[in-house]
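I opened my notebook to look at how the helices of one protein are arranged. My notes follow the display.

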Amino acid sequence: MTITLGLSCYRATIELGDVTPHNLQQLKRLNQVVFPVSYNDKFYKDILEAGELAKLAYYNDIVVGAVCCRIDVLDGSRRLYIMTLGCLAPYRKRGIGAKMLEHVLNYVEKDGDFHSIFLHVQVNNQSAIDFYKKFGFEIVETKEQYYKRIEPADAHVLMKLLRPQNNLSESEK
(Lines give C-alpha, C1' and ligand atoms only; values in the text may rest on other atoms or scores of the structure.)
Protein backbone atom coordinates (compact mmCIF):
# COMPACT_ATOMS: atom_id res chain seq x y z
CA MET A 1 0.00 0.00 0.00
CA THR A 2 1.31 3.46 -0.94
CA ILE A 3 0.42 6.58 0.97
CA THR A 4 1.03 9.92 -0.72
CA LEU A 5 1.18 13.08 1.32
CA GLY A 6 0.47 16.22 -0.64
CA LEU A 7 2.62 19.12 0.54
CA SER A 8 1.65 21.53 -2.23
CA CYS A 9 0.07 23.97 0.23
CA TYR A 10 3.19 24.02 2.40
CA ARG A 11 5.14 27.28 2.18
CA ALA A 12 8.48 27.93 3.80
CA THR A 13 8.80 31.07 5.85
CA ILE A 14 11.90 33.23 5.63
CA GLU A 15 12.32 35.79 8.38
CA LEU A 16 15.11 38.06 9.55
CA GLY A 17 15.90 38.52 13.22
CA ASP A 18 18.21 40.64 15.34
CA VAL A 19 21.64 39.48 16.45
CA THR A 20 21.72 39.47 20.26
CA PRO A 21 24.14 38.22 22.93
CA HIS A 22 21.85 35.17 23.22
CA ASN A 23 22.26 34.07 19.59
CA LEU A 24 25.76 35.39 18.86
CA GLN A 25 27.18 31.84 19.08
CA GLN A 26 24.84 30.80 16.26
CA LEU A 27 26.22 33.61 14.10
CA LYS A 28 29.81 32.59 14.91
CA ARG A 29 29.12 28.96 14.04
CA LEU A 30 27.29 29.90 10.84
CA ASN A 31 30.19 32.09 9.70
CA GLN A 32 32.68 29.29 10.43
CA VAL A 33 30.72 26.96 8.16
CA VAL A 34 29.87 29.40 5.35
CA PHE A 35 33.04 31.48 4.94
CA PRO A 36 36.65 30.44 4.28
CA VAL A 37 37.94 33.18 6.61
CA SER A 38 37.55 33.54 10.37
CA TYR A 39 36.40 36.64 12.18
CA ASN A 40 37.86 37.95 15.43
CA ASP A 41 36.14 38.87 18.68
CA LYS A 42 36.08 42.59 17.77
CA PHE A 43 34.04 41.75 14.65
CA TYR A 44 31.38 40.06 16.80
CA LYS A 45 31.46 42.81 19.45
CA ASP A 46 30.81 45.39 16.71
CA ILE A 47 28.01 43.25 15.26
CA LEU A 48 26.14 43.39 18.58
CA GLU A 49 26.02 47.18 18.19
CA ALA A 50 25.11 47.18 14.48
CA GLY A 51 21.32 47.15 14.97
CA GLU A 52 19.49 46.84 11.64
CA LEU A 53 22.82 46.28 9.85
CA ALA A 54 23.19 42.77 11.28
CA LYS A 55 20.48 40.16 10.83
CA LEU A 56 20.13 36.41 11.14
CA ALA A 57 18.06 34.68 8.46
CA TYR A 58 15.60 32.03 9.60
CA TYR A 59 14.13 29.40 7.30
CA ASN A 60 11.16 27.81 9.05
CA ASP A 61 12.59 29.02 12.39
CA ILE A 62 16.06 27.55 11.76
CA VAL A 63 19.06 29.90 11.50
CA VAL A 64 20.49 29.33 8.02
CA GLY A 65 22.07 32.66 7.07
CA ALA A 66 23.22 36.07 8.17
CA VAL A 67 24.12 39.49 6.86
CA CYS A 68 26.47 41.89 8.67
CA CYS A 69 27.26 45.41 7.47
CA ARG A 70 28.96 48.58 8.63
CA ILE A 71 28.94 52.20 7.56
CA ASP A 72 32.17 53.59 6.08
CA VAL A 73 32.87 57.20 5.23
CA LEU A 74 35.22 58.00 2.33
CA ASP A 75 35.86 61.58 1.20
CA GLY A 76 32.76 62.72 3.07
CA SER A 77 30.50 60.13 1.39
CA ARG A 78 28.72 57.45 3.40
CA ARG A 79 29.08 53.95 1.98
CA LEU A 80 27.58 50.74 3.28
CA TYR A 81 30.04 47.86 3.44
CA ILE A 82 28.64 44.33 3.42
CA MET A 83 31.12 42.48 5.62
CA THR A 84 29.34 39.15 5.35
CA LEU A 85 26.24 37.85 3.62
CA GLY A 86 25.96 34.10 3.53
CA CYS A 87 23.66 31.13 3.72
CA LEU A 88 24.21 27.45 4.49
CA ALA A 89 24.71 25.52 1.24
CA PRO A 90 21.59 23.29 1.50
CA TYR A 91 19.40 26.41 1.79
CA ARG A 92 20.79 28.36 -1.14
CA LYS A 93 18.60 29.25 -4.14
CA ARG A 94 15.52 29.57 -1.90
CA GLY A 95 15.36 33.37 -1.72
CA ILE A 96 17.17 33.70 1.61
CA GLY A 97 20.15 35.65 0.24
CA ALA A 98 17.77 37.86 -1.75
CA LYS A 99 15.74 38.58 1.41
CA MET A 100 18.90 39.59 3.29
CA LEU A 101 20.18 41.78 0.46
CA GLU A 102 16.75 43.38 0.01
CA HIS A 103 16.83 44.27 3.72
CA VAL A 104 20.16 46.06 3.16
CA LEU A 105 18.87 47.81 0.02
CA ASN A 106 15.73 48.94 1.88
CA TYR A 107 17.87 50.24 4.75
CA VAL A 108 20.01 52.46 2.50
CA GLU A 109 16.97 53.61 0.51
CA LYS A 110 15.08 54.59 3.66
CA ASP A 111 18.13 56.41 5.02
CA GLY A 112 18.64 58.21 1.69
CA ASP A 113 22.17 59.43 2.45
CA PHE A 114 24.41 56.64 1.12
CA HIS A 115 26.67 57.04 -1.91
CA SER A 116 27.12 53.31 -2.55
CA ILE A 117 27.12 49.75 -1.23
CA PHE A 118 30.24 47.62 -1.63
CA LEU A 119 31.73 44.29 -0.66
CA HIS A 120 34.61 41.92 -1.41
CA VAL A 121 34.13 38.54 -3.10
CA GLN A 122 36.80 35.91 -3.66
CA VAL A 123 37.61 35.96 -7.41
CA ASN A 124 36.64 32.30 -7.90
CA ASN A 125 33.21 32.63 -6.22
CA GLN A 126 31.23 32.97 -9.44
CA SER A 127 27.88 32.15 -7.85
CA ALA A 128 28.26 35.09 -5.42
CA ILE A 129 29.38 37.40 -8.23
CA ASP A 130 26.35 36.39 -10.34
CA PHE A 131 24.04 36.85 -7.33
CA TYR A 132 25.20 40.42 -6.70
CA LYS A 133 25.12 41.32 -10.39
CA LYS A 134 21.39 40.45 -10.43
CA PHE A 135 20.94 43.28 -7.92
CA GLY A 136 22.90 45.84 -9.94
CA PHE A 137 26.36 45.42 -8.42
CA GLU A 138 29.40 45.67 -10.70
CA ILE A 139 33.02 44.61 -10.32
CA VAL A 140 34.92 47.89 -9.93
CA GLU A 141 38.33 46.63 -8.81
CA THR A 142 40.33 43.48 -8.11
CA LYS A 143 42.57 43.49 -5.05
CA GLU A 144 45.49 41.11 -5.20
CA GLN A 145 46.42 39.21 -2.04
CA TYR A 146 43.35 40.59 -0.22
CA TYR A 147 42.78 37.41 1.79
CA LYS A 148 45.29 35.81 4.12
CA ARG A 149 45.72 32.04 4.33
CA ILE A 150 43.15 31.15 1.63
CA GLU A 151 43.51 30.51 -2.08
CA PRO A 152 42.90 32.27 -4.32
CA ALA A 153 43.87 35.27 -2.19
CA ASP A 154 42.52 37.85 -4.66
CA ALA A 155 39.15 39.54 -4.23
CA HIS A 156 36.86 41.49 -6.51
CA VAL A 157 35.34 44.66 -5.13
CA LEU A 158 31.68 44.77 -6.12
CA MET A 159 29.82 48.05 -5.86
CA LYS A 160 26.34 49.37 -6.40
CA LEU A 161 26.14 53.12 -6.85
CA LEU A 162 23.06 54.67 -5.29
CA ARG A 163 21.39 57.59 -6.98
CA PRO A 164 20.14 60.26 -4.59
CA GLN A 165 16.45 60.96 -4.98
CA ASN A 166 15.91 64.17 -6.91
CA ASN A 167 12.74 65.72 -5.56
CA LEU A 168 12.67 68.58 -8.03
CA SER A 169 10.18 68.40 -10.85
CA GLU A 170 11.26 69.35 -14.38
CA SER A 171 9.66 72.82 -14.00
CA GLU A 172 11.62 73.53 -10.79
CA LYS A 173 15.04 72.86 -12.35
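**Helix notes**

I began with a crossing: α1 and α2 cross in a right-handed way (the near helix is turned clockwise from the far one by less than a right angle; anticlockwise would be left-handed). I noted that this is a predicted model, where local features need pLDDT of at least 70, side-chain atom pairs count only at pLDDT 80 or more, and totals for chains, interfaces and linings use all residues. Residues are numbered from 1 along each chain as its sequence is written, and side-chain values use heavy atoms, without hydrogens and water.

I looked up the axes next. Those of α1 (residues 24-34) and α2 (residues 41-48) come within 11 Å and cross at roughly 130 degrees. The two helices are therefore oblique to each other (not under 35, over 145 or 65 to 115 degrees).

Which residues meet there? From α1 I listed Leu-24, Leu-27, Lys-28 and Asn-31; they meet Asp-41, Phe-43, Tyr-44, Ile-47 and Leu-48 of α2 (contact means heavy atoms within 4.5 Å).

I then turned to α3. Its 16 residues (96-111) should span 22 Å at 1.5 Å a residue, and the end C-alpha atoms are 23 Å apart, which agrees (the expected span is 1.5 Å times one less than the number of residues). Buried residues in α3 include Ile-96, Met-100, Val-104 and Val-108 (buried is under 20% relative accessible area, with a 1.4 Å probe and protein chains only). After α3 comes Gly-112, with a positive phi near 75 degrees.

Last, I checked the whole protein. Of its 173 residues, 40% count as buried.

Terms used. Helices (H or I, at least four residues) and strands (E, at least two) are DSSP runs, numbered from the N terminus. Buried means under 20% relative accessible area, exposed over 50%, partly exposed in between (1.4 Å probe, protein chains only). Axes are lines fitted to C-alpha atoms, for helices over the stretch in contact, and angles run from 0 to 180 degrees between N-to-C directions.
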